[in-house]
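Here are some short exercises to help you find your way around a new structure. Have a go at each task before you read its solution.

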Amino acid sequence: MIQPRKKKHLTTIEMSYSKSPFFNDLFSIIEPIYQKADKLVDLNIGIISMLCKKLQINTKLVNSSDLLNIQGNKDLRLVNICNRLGISSYLSTQGSAVYI
């Protein structure tokens, strides 16, 4: 059974966007993802995974929480994650300069 807050949120989305082009196509894809998500991170991962699939992006997605023994904070942690995964380039938006 869907939780009351999820039902309220989905109803709000539906009422706000139901007249938008392609609403039914997108809502039918997003609704089951939303219903399964217990946390915001679960919703984000579900939507990102769905978009990758729809856009035929085959890049492997990795949660940093699944990587064991990654040390450091902020930029050092990011460098260590990249090193662990063999990543030689990292792109970010200008707004992330505060974080890294």
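**Exercise 1. Lys 6 and its surroundings**

Find which residues Lys 6 is in contact with, leaving aside its neighbours within four places in sequence. Keep in mind that you're looking at a predicted model.

*Solution.*
- Start by placing the residue: Lys 6 is found in helix H1, which covers residues 4-17.
- Now look around the side chain. With neighbours within four places in sequence set aside, Lys 6 is in contact with Tyr 34, Gln 35, Lys 36, Ala 37 and Asp 38.
- Next, check for a salt bridge. That takes a side-chain nitrogen of Lys or Arg within 4 Å of a carboxyl oxygen of Asp or Glu. For Lys 6, the nearest side chain of opposite charge is Asp 38, 4.1 Å away. Lys 6 is therefore buried yet without a salt bridge.
- What does the side chain reach instead? The backbone oxygen of Gln 35, at 3.0 Å from the side chain of Lys 6.

**Exercise 2. Ala 37, seen from the other side**

Work out whether Ala 37 is buried or exposed, and which residues it touches beyond four places in sequence.

*Solution.*
- Ala 37 sits in the loop between H2 and H3.
- Its relative accessibility is 8%, so Ala 37 counts as buried.
- Not counting residues up to four places away in sequence, Ala 37 touches Lys 6, Asp 42 and Leu 43.
- For a sense of scale, try Pro 4: it is 33 residues from Ala 37 in sequence, and the two C-alpha atoms are 14 Å apart in space.

**Exercise 3. Checking helix H2**

Compare the span of helix H2 with the span expected at 1.5 Å a residue, then find where H2 bends.

*Solution.*
- H2 runs over residues 23-36, which makes 14 residues.
- From first C-alpha to last, H2 reaches 20 Å, close to the 20 Å expected.
- Follow the helix along to Ile 30, where H2 bends by about 25 degrees. A proline, Pro 32, follows within four residues.
- Now pick out the buried residues of H2: Phe 23, Phe 27, Ile 33 and Tyr 34. What covers them includes H1 and helix H3.

**Exercise 4. Doing the same for helix H3**

Find out how far apart the end C-alpha atoms of H3 are, and what its buried residues pack against.

*Solution.*
- H3 covers residues 40-54.
- Its 15 residues should span 21 Å at 1.5 Å a residue, and the end C-alpha atoms are 21 Å apart, so the two agree.
- The buried residues here are Leu 43, Gly 46, Met 50 and Cys 52. They pack against H2.
- Just after H3, you'll meet Gln 56 with a positive phi of about 55 degrees.

**Exercise 5. Two residues with a positive phi**

Decide whether Phe 22 is buried or exposed, then do the same for Asn 69.

*Solution.*
- First, a bit of background: most residues other than glycine have a negative phi.
- Phe 22 isn't a glycine, but its phi is positive, at about 70 degrees. It lies in the loop between H1 and H2. With a relative accessible area of 61%, Phe 22 is exposed.
- Asn 69 isn't a glycine either, and its phi is positive at about 60 degrees. You'll find Asn 69 in the loop between H3 and helix H4, residues 74-85. Its relative accessible area is 64%, so Asn 69 is exposed.

**Exercise 6. Two buried residues to finish**

Find which side chain is joined to that of Ser 96 by a polar contact of 3.1 Å, and how many residues separate Leu 10 from Glu 31 in sequence.

*Solution.*
- Ser 96 is in the segment after H4. At 19% relative accessibility it counts as buried, because the cut-off is under 20%.
- The partner is Ser 92, whose side chain makes the 3.1 Å polar contact with that of Ser 96.
- Leu 10 lies in helix H1 and is buried, with a relative accessible area of 5%.
- Leu 10 and Glu 31 are 21 residues apart in sequence, while their C-alpha atoms are 7.4 Å apart in space.

Technical notes:
Residues are numbered from 1 along each chain as its sequence is written. This is a predicted model: local features need pLDDT of at least 70, side-chain atom pairs count only at pLDDT 80 or more; totals for chains, interfaces and linings use all residues. Side-chain values use heavy atoms; hydrogens and water are left out. Helices (H or I, at least four residues) and strands (E, at least two) are DSSP runs, numbered from the N terminus. Buried means under 20% relative accessible area, exposed over 50%, partly exposed in between (1.4 Å probe, protein chains only). Lys and Arg count as positive and Asp and Glu as negative; His and the chain ends are not counted. A polar contact is a pair of N or O atoms within 3.5 Å; within protein, one must be able to donate a hydrogen and the other to accept it, and residues adjacent in sequence count only if both atoms are side-chain atoms. Contact means heavy atoms within 4.5 Å. The expected span of a helix is 1.5 Å times one less than its number of residues. The bend at a residue is the angle between axes fitted to the seven residues ending there and the seven starting there.
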